[in-house]
Amino acid sequence: MLQLDRLVLAQDGFRLTADWSVPCGERVAIIGPSGAGKSTLLSAIAGFFEPVSGRVLWKGQDLAKVSPGARPISSLFQDQNLFPHLSVAQNLGLGLRPDLRLSRDQARQVEQALVRVGLSGMAERRPGQLSGGQIGRAALARALLRARPILLLDEPFAALGPALKAEMLALVAEVADETGALVMLVTHDPKDAMGFARQTVLVAEGVAQAPVPTAAFFANPPPALRAYLGP
Amino acid sequence: MARGAVAVTGAGVAALVAALVLLPLGAVALRAGAWPSLVPGDAQTLWFTLWQAVVSALLSCLLAVPVARALARRRFAGRGALITLMGAPFLLPVIVAVMGLIAVFGRSGLVNGLLAGLGVAPVSIYGAQGVVLAHVFLNLPLAVRMVLQGWQSIPAERFRLAESLGFAPAQVALHLERPMLRAVLPGAFAVILVVCLTCFAVALTLGGGPKATTVELAIYQAVRFDFDLGRAAMLSGLQFALCATIAVLAWRAVTPTSFGAGLGRAPVVQARGAGPLLADVLAIGLAAGFLLLPLGAIVLRGLPGLAEVPVAVWAAAGRSVTVALISTAATVAAALVLALRVAQGGPGALVLDGIALLPLATSGLVLGTGLFLLVQPWAAPSDLALPVTVAANVALSLPFVYRLLLPEARVLFADYGRLSDSLGLHGAAWLRLVAVPRLARPLGFGAGLVAALSMGDLGVIALFASDQTATLPLVVQRLMAAYRIDTAAAAALVLVAISFALFWAFDAWGRWHAAT
């Protein structure tokens with residue numbers, strides 16, 4: 001269980017509180033207006049943003065002293081998910097051993113992960129030679145290899161077209177099912193939330209509200225969401 | 001953990017650099033404590049040092065403007081090659097540049113030959129005018145580069161807009177070119193001023209006498225000829241005060257410039273009419289002649305003697321290469337650690353930034369005198385000539401390499417800091433897989449600069465060296481002083497070839513490994 005215990009985030013007049021928890025293996029959409037703090041919330045969970053007060057706990061363990069790389073978390077950022085000077089296979093290998101001294105067995109795992117996300121034959125390419133969708137697939141393949149119990153996605157597919165984005169989210173769902181990971185997805189688009197997540201968190205007016213079932217949430221939107229969705 | 005390791009290493013390197021600069025200064029201050037009174041000539045020396053630096057920097061900047069403008073707005077075959085070649089004097093060992101200038105402007109040189117043909121009295125290259133001439137020769141390429149970059153940084157759309165609005169050349173100058181020059185020229189002036197203030201090799205060979213002695217040269221004479229260490233210490237204190245003042249005033253105005261990349265791009269500025277064309281042809285022709293004739297003269301003079309170069313020259317070349325390579329490794333490592341640490345920010349970054357730039361406040365001969373005073377009670381200075389030269393090379397080139405790396409290191413953390421952290425990529429693996437590949441281009445260019453400048457450096461070594469520890473530039477200088485001009489020219493050619501080869505090799509490594 002991921003627990004946000006009276007978490008308070010603040011920076012230059014911005015303030016966000018969160019006090020709730022999500023069970024392992026859940027899929028959560030995080031929705032809300034721009035600048036409300038969706039990305040900041042994810043940064044705090046991943047360990048890039050220090051909270052003013054409160055705790056982030058995973059299975060009862062406080063993560064405050066745990067560095068980002070050692071947390072039980074894989075992150076997909078908005079961009080810069082791959083090192084452009086390393087090959088696709090090397091970028092994936094970093095998920096298994098950050099110093100890239102892979103055993104033969106680990107090299108085989110990398111190959112299998114590439115096949116799994118539909119990138120077989122692309123191992124030696126550089127990220128610059130891939131399309132946007134392929135870059136997303138490579139980043140997901142690395143998350144598959146790292147097999148961490150939490151997967152945080154900060155709008156990594158925002159630049160893709162609707163069809164491609166739906167395809168990528170389906171792949172995220174498959175990866176999450178295989179690894180049993182808890183997924184938190186930041187999105188602007190109610191369709192993403194409804195298609196992907198069983199639970200939804202609304203971030204608005206300084207509060208990240210406790211997750212509620214997605215279908216019920218959109219069937220009867222709270223006032224803050226209605227303002228965001230428009231008439 | 002990565003941050004911890006970088007922070008600890010950064011603090012260690014900073015402490016070493018600070019010690020390297022401040023301990024010699026301390027030794028100088030202690031020794032100068034008795035404060036031997038100024039000799040009447042010292043005011044003249046101080047005045048000449050300032051005067052030649054200001055005049056050299058002003059002339060370099062003024063002359064750079066028409067040359068850079070011509071290069072910016074004309075296309076012709078070989079333009080890229082000419083720009084590259086015209087950059088060469090900046091990397092040229094000073095002693096070799098002086099030889100080339102003597103070959104062209106000296107008593108029996110090309111220019112005086114022409115003047116004699118016209119019945120005009122010969123001009124002398126020695127004295128104040130020679131010092132300024134050599135400084136303009138060495139620094140004009142740098143000024144041209146910086147101004148040319150400024151011209152090319154004006155977006156092409158602006159010139160198109162100006163053309164569509166029917167601007168006359170005067171209006172283009174007023175609205176586009178003058179604001180750019182106001183932004184670029186102070187930086188170029190400051191860099192050249194700082195470089196010329198610590199002039200030693202040029203003053204040693206072309207200057208001298210009461211009217212053309214710099215403070216650096218006076219320090220050398222006090223140590224080497226009078227063996228008056230108290231006076232040397234007093235002059236070192238004077239030089240430090242001068243450099244520190246100018247460095248503090250000027251360095252903040254300096255923006256780091258990069259060479260090579262992007263300057264070969266086709267020009268966007270166009271000028272019509274015979275007047276501008278004539279001006280541009282003259283500017284490019286004169287600048288190319290001024291910068292390339294001395295280079296050509298060295299090659300012509302040196303080639304015949306190359307087969308009979310004495311063994312001593314090759315031995316000195318071996319010592320110089322060793323000194324250059326060790327200096328390069330140490331400087332680049334120190335600059336990389338400091339740049340990474342400062343780019344990370346946090347407490348202490350400002351202090352480390354200051355320490356990385358601290359060597360600008362000192363000079364080769366000030367460091368040399370201090371180190372001389374420090375080692376003298378324990379060992380014969382000539383036994384430590386080469387280690388001391390390495391130490392001075394590292395200290396004096398560190399600020400430049402650091403300034404090259406810092407902006408790139410900042411980009412590295414901004415773009416890939418989170419990704420590296422989220423993957424647990426740190427320590428040696430991060431250095432090998434991320435930092436070095438991403439910074440390869442400035443690392444290679446910086447390493448090439450240090451290697452070439454260390455190879456050609458003629459400063460501290462002149463204070464310390466015996467015949468057994470002389471570096472190649474010193475051997476060339478001694479051959480020249482002994483009027484063995486043909487041998488000196490051949491040795492100079494060897495020196496140039498090695499310097500350029502080292503620069504090229506490191507720079508090519510950087511470009512080869514530059515991450516896409």
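In chain B, 84% of the contacts with a separation of 6 or more join residues 24 or more positions apart. That is a statement about a predicted model, as is everything below. The secondary structure of chain B consists of 22 helices and 0 strands. Its radius of gyration is 23 Å, and the globule rule gives 24 Å for 516 residues, so chain B is as compact as a globular protein of that length. Along the principal axes, the C-alpha atoms of chain B fill a box of roughly 75 × 75 × 50 Å.

Next come burial and surface. Of the 516 residues of chain B, 55% count as buried. The accessible surface of chain B is about 21,600 Å². Carbon and sulfur atoms own 70% of that surface. Chain B carries 31 positive and 18 negative charges, and the mean positions of the two sets are 8 Å apart.

Now split chain B into its domains. The assignment gives domain 1 as 1-30 + 307-516 and domain 2 as 43-296. Domain 1 of chain B is thus written in two segments. The C-alpha centres of the two domains are separated by 24 Å. Across the boundary, 44 residues of domain 1 of chain B are in contact with 41 residues of domain 2 of chain B.

Zoom in on B:Ser60. This residue sits in helix H2 of chain B, which covers residues 40-73. Is B:Ser60 buried or exposed? B:Ser60 has a relative accessible area of 0%, so it is buried. What does B:Ser60 touch, once neighbours within four places in sequence are set aside? Its contacts are B:His135, B:Val136, B:Asn139, B:Leu140, B:Ala143 and B:Ile192. B:Ala395 is another matter: 335 residues separate it from B:Ser60 in sequence, and the C-alpha to C-alpha distance is 26 Å.

Follow one of those contacts, B:His135. B:His135 belongs to helix H7 of chain B, residues 128-152. Its relative accessibility is 5%, so B:His135 counts as buried. Leaving aside neighbours within four places in sequence, B:His135 is in contact with B:Gln52, B:Ser56 and B:Ser60. B:Leu140, B:Cys196, B:Cys199 and B:Val202 are also in contact with B:His135. B:Leu140 appears among the contacts of B:Ser60 and among those of B:His135.

Move to B:Val337. This residue lies in helix H14 of chain B, residues 311-344. At 18% relative accessibility, B:Val337 counts as buried, because the cut-off is under 20%. Not counting residues up to four places away in sequence, B:Val337 touches B:Thr9, B:Gly10 and B:Val13. B:Val337 and B:Tyr402 are 65 residues apart in sequence, with C-alpha atoms 9.2 Å apart in space.

Turn to chain A. Chain A has 8 helices and 11 strands. A compact globule of 231 residues would have a radius of gyration near 17 Å, and the 18 Å of chain A agrees with that. The C-alpha trace of chain A spans about 55 × 40 × 30 Å along its principal axes. In chain A, 52% of the 231 residues count as buried. Among contacts with a separation of 6 or more, 67% in chain A link residues 24 or more positions apart. Chain A exposes about 10,300 Å², with 51% supplied by carbon and sulfur atoms. Its 23 positive and 20 negative charges have mean positions 4 Å apart.

Chain A also has a domain assignment: domain 1 (2-72 + 148-229) and domain 2 (82-147). The contact between them takes 15 residues from domain 1 of chain A and 11 residues from domain 2 of chain A. Their C-alpha centres lie 25 Å apart.

Finish with backbone angles. Most residues other than glycine have a negative phi. A:Asp12 is not a glycine, yet its phi is positive, about 45°. Where is A:Asp12 placed? A:Asp12 is in the loop between strand E1 (2-11) and strand E2 (14-22) of chain A. With 77% relative accessibility, A:Asp12 counts as exposed. A:Lys59 also has a positive phi, near 50°. A:Lys59 is found in the loop between strand E4 (53-58) and strand E5 (61-62) of chain A. Its relative accessible area is 59%, so A:Lys59 is exposed.

Key:
Residues numbered from 1 in each chain as written. Chains lettered and ligands numbered in written order. Predicted model: local features only at pLDDT ≥ 70, side-chain atom pairs only at ≥ 80, totals over all residues. Heavy atoms only, no water. Helix = DSSP H or I, 4+ residues; strand = E, 2+ residues; numbered from the N terminus. Rg over C-alpha atoms; globule rule 2.2 N^0.38 Å. Buried < 20%, exposed > 50% of the residue type's maximum accessible area, 1.4 Å probe, protein only. Contact = heavy atoms within 4.5 Å. Areas by Shrake-Rupley, 256 points an atom, 1.4 Å probe, with all protein chains shown as cover. Lys, Arg positive; Asp, Glu negative; His and termini not counted. Charge placed at Lys NZ, Arg CZ, Asp CG, Glu CD. Domains from an automatic or database assignment.
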